[in-house]
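Please load the model in a viewer and keep the selection tool at hand. The tour proceeds by selections, each followed by a description of what is found there.

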Amino acid sequence: MHPRGPFSAGTEAGIWREISVGGGVYYLRITRSAAQKGVKIEEDTNILQDGTLIDLCGATLLWRSAEGLSRSPTRQHLEEKLDELNAGRPQCPVGLNTLVIPRKGTLSANEKQPYVYLNCGHVQGLHDWGQEKNSNVRICPICLEVGPIVKLCMGIEPAFYVDIGPPTFAFNPCGHMASEKTVK
């Protein structure tokens, strides 16, 4: 799947195509296991573009060009953005304690670990208020939306970024933070 326009511009996803061993481009089969391949598409290309997604039987790869990677932030830049965010001392609106956003889930579950409510997007520390027994489902104390929560942590993988903006958004359902443009 090629992006619709430059990947670094945060463009929309394209349409999935099937590429034959010989390089032919086809519409997808009705099912993955169907013996009959789709109709051949002459006007589409099999040449990789920056941001092309490749599905290898369920393992999805993101292909980046050298030019695209040169415009991506460095690991050091992403860590600096995280340090800036933590230096602002974000506070849990429920427990009123300071939250610390870890690098790749390095903190264990404690009062400083922020969690994101997946249905509404509110971020808070871990607390027992509104928790359903033996489940990950909770009631958000801010908006009362019921749903799962996950640990919020910084996604420090420069190849996935399409810009160098601050990490103000998170992927749903994993909770890895990135810039708004990258997550969208």
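In which sense do strand β5 and strand β8 pair, and over how many bridges? Select residues 114-117 for β5 and residues 146-151 for β8: the two strands are antiparallel and share three bridges. The coordinates shown are those of a predicted model. Within this pair, pick Y117 and then I149, its bridge partner in β8.

**The four-stranded sheet**

Next, extend the selection to the sheet around this pair. Four strands make up an open sheet, with antiparallel pairing and the order β6-β5-β8-β7. Its edge strands are β6, at 123-125, and β7, at 137-139, each of which pairs on one side only. From one strand to the next, the twist averages 50°.

**The three-stranded sheet**

Now move to β9, β11 and β10, which form an open sheet of three strands in that order, with mixed pairing. Select 153-154 for β9 and 169-170 for β10: these are the edge strands, and each pairs on one side only. Strand β11 covers residues 176-178 and runs antiparallel to β10, to which two bridges join it. To inspect this pairing, display A170, which stands opposite M177 in β11.

**The nonpolar core**

Keep M177 displayed and add L78, V116, M154 and Y161. These five residues touch the most other members of the largest nonpolar core, which has 13 residues. The elements contributing two or more residues to this core are α2 (75-87) and β11.

Centre the view on L78. Leaving aside residues up to four places away in sequence, L78 touches P73, M154, G155, I156, E157, P158 and Y161. Among these contacts, M154 and Y161 are also in the group that touches the most other core members.

**The cysteines**

Finally, select the cysteine sulfurs. How many disulfides does a search of the whole structure find? The result is zero. A disulfide is a covalent bond between the sulfur atoms of two cysteines. Start with C120 and C143: the sulfur of C143 is the closest cysteine sulfur to that of C120, but at 3.6 Å the separation is too far for a bond. The cut-off applied here is 2.5 Å between sulfur atoms. C120 is partly exposed, because its relative accessibility is 29%.

Then select C174 and C153. For the sulfur of C174, the closest cysteine sulfur is in C153, at 7.4 Å, which is again too far for a bond. C174 has a relative accessible area of 39% and therefore counts as partly exposed.

Key
Residues numbered from 1 in each chain as written. Predicted model: local features only at pLDDT ≥ 70, side-chain atom pairs only at ≥ 80, totals over all residues. Heavy atoms only, no water. Pairing = 2+ DSSP bridges. Axes fitted to C-alpha atoms, helices over the stretch in contact; angles between N-to-C directions. Buried < 20%, exposed > 50% of the residue type's maximum accessible area, 1.4 Å probe, protein only. Core = buried A, V, L, I, M, F, W, Y, C linked by side-chain atoms within 4.5 Å. Contact = heavy atoms within 4.5 Å.
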